[in-house]
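Colleague: Please take a close look at the empty space in this model, and describe in some detail what lines it and how the sheet is arranged.

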Amino acid sequence: MEKITSFTINHLALLPGVYVSRKDYAGDTVITTFDIRMTRPNYEPVMNTAEVHTIEHLGATFLRNHKEFGSKTIYFGPMGCRTGFYLLLAGDYSSREILPLLNEMFAFIAEYEGDVPGASAKDCGNYLDMNLPMARYLARKYKNEVLDQITEERLVYPD
């Protein structure tokens, strides 16, 4: 079997950033998959499931309610390696084009107070595995250290 594209990226050279992972078509519509890499693979500790789960609930809620991108949001969810998230949008986008959206989303998560949307037994299959304080911390860290001072090397996959 051939390696899938995401396994051909040199994860030893990959920095936290925002990358276009792939572009696919659903009919005539381009679906852009973004790699939202929050921690440096194989160098930093991975995120724990509780904060990943919380970021997923808050991020998905934010995106699906966004005035411009709500109807374009196909999926937002964690990577199995727990170093970041995938965001799939209907449309042909570059990493730079979605920076304002991601800045808004991570600011929303960093400032969020109250009950996490969908964090109940009725709404979620593992509702007890949530950590809002840590999710807020990680969102703030990513926004401040990566998004607010993004460089080209954090927008395009390394060779």
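Modeller: For the classes used below, Ala, Val, Leu, Ile, Met, Phe, Trp, Tyr, Cys and Pro count as nonpolar, Asp, Glu, Lys and Arg as charged, and the others, Gly among them, as polar. The model is a predicted one, and every value that follows is computed from it.

The largest pocket has a volume of about 270 Å³. Of the 16 residues that line this pocket, Met38, Thr39, Glu44, Leu138 and Lys141 are the closest to its centre. Helix α3, which covers residues 132–145, gives the most to the lining, with 6 residues. Sorted by class, the lining of the largest pocket comprises 10 nonpolar residues, 1 polar residue and 5 charged residues.

The second largest pocket has a volume of about 230 Å³. This pocket is also lined by 16 residues, and those closest to its centre are His11, Arg37, Met79, Cys81 and Thr83. Its lining divides into 7 nonpolar, 6 polar and 3 charged residues.

Turning from pockets to enclosed space, rolling a probe the size of a water molecule over the atoms shows where empty space is left. A search of the whole structure finds 1 cavity of 30 Å³ or more, and the volume of the largest cavity is about 30 Å³. The residues lining this cavity are Ser6, Ile9, His11, Ser21, Asp35, Arg37, Tyr86 and Tyr157, which divide into 3 nonpolar, 3 polar and 2 charged. His11 and Arg37 therefore appear in two linings, that of the cavity and that of the second largest pocket, where a lining residue is one with an atom within 4 Å of a grid point.

One of the residues lining the cavity, Tyr86, leads on to the sheet, since Tyr86 in β4 is the bridge partner of Gly77. The sheet is open and has 4 strands in the order β1-β2-β4-β3, with antiparallel pairing. Its edge strands are β1 (17–26) and β3 (73–78), each of which pairs on one side only, and the twist averages 15° from one strand to the next. Strand β3 and strand β4 (residues 84–90) run antiparallel and are joined by 5 bridges. Helix α1 (residues 49–64) packs on the sheet, where it touches β3 and β4, and the direction of helix α1 makes about 165° with that of β3.

Terms used:
Residues numbered from 1 in each chain as written. Predicted model: local features only at pLDDT ≥ 70, side-chain atom pairs only at ≥ 80, totals over all residues. Heavy atoms only, no water. 1 Å grid on protein atoms, 1.4 Å probe; cavity = no way out; pocket = protein on both sides within 12 Å on 5 of 7 lines; lining within 4 Å. Points joined across faces, edges and corners; volume = space filled by probe spheres on them. Helix = DSSP H or I, 4+ residues; strand = E, 2+ residues; numbered from the N terminus. Pairing = 2+ DSSP bridges. Axes fitted to C-alpha atoms, helices over the stretch in contact; angles between N-to-C directions. Contact = heavy atoms within 4.5 Å.
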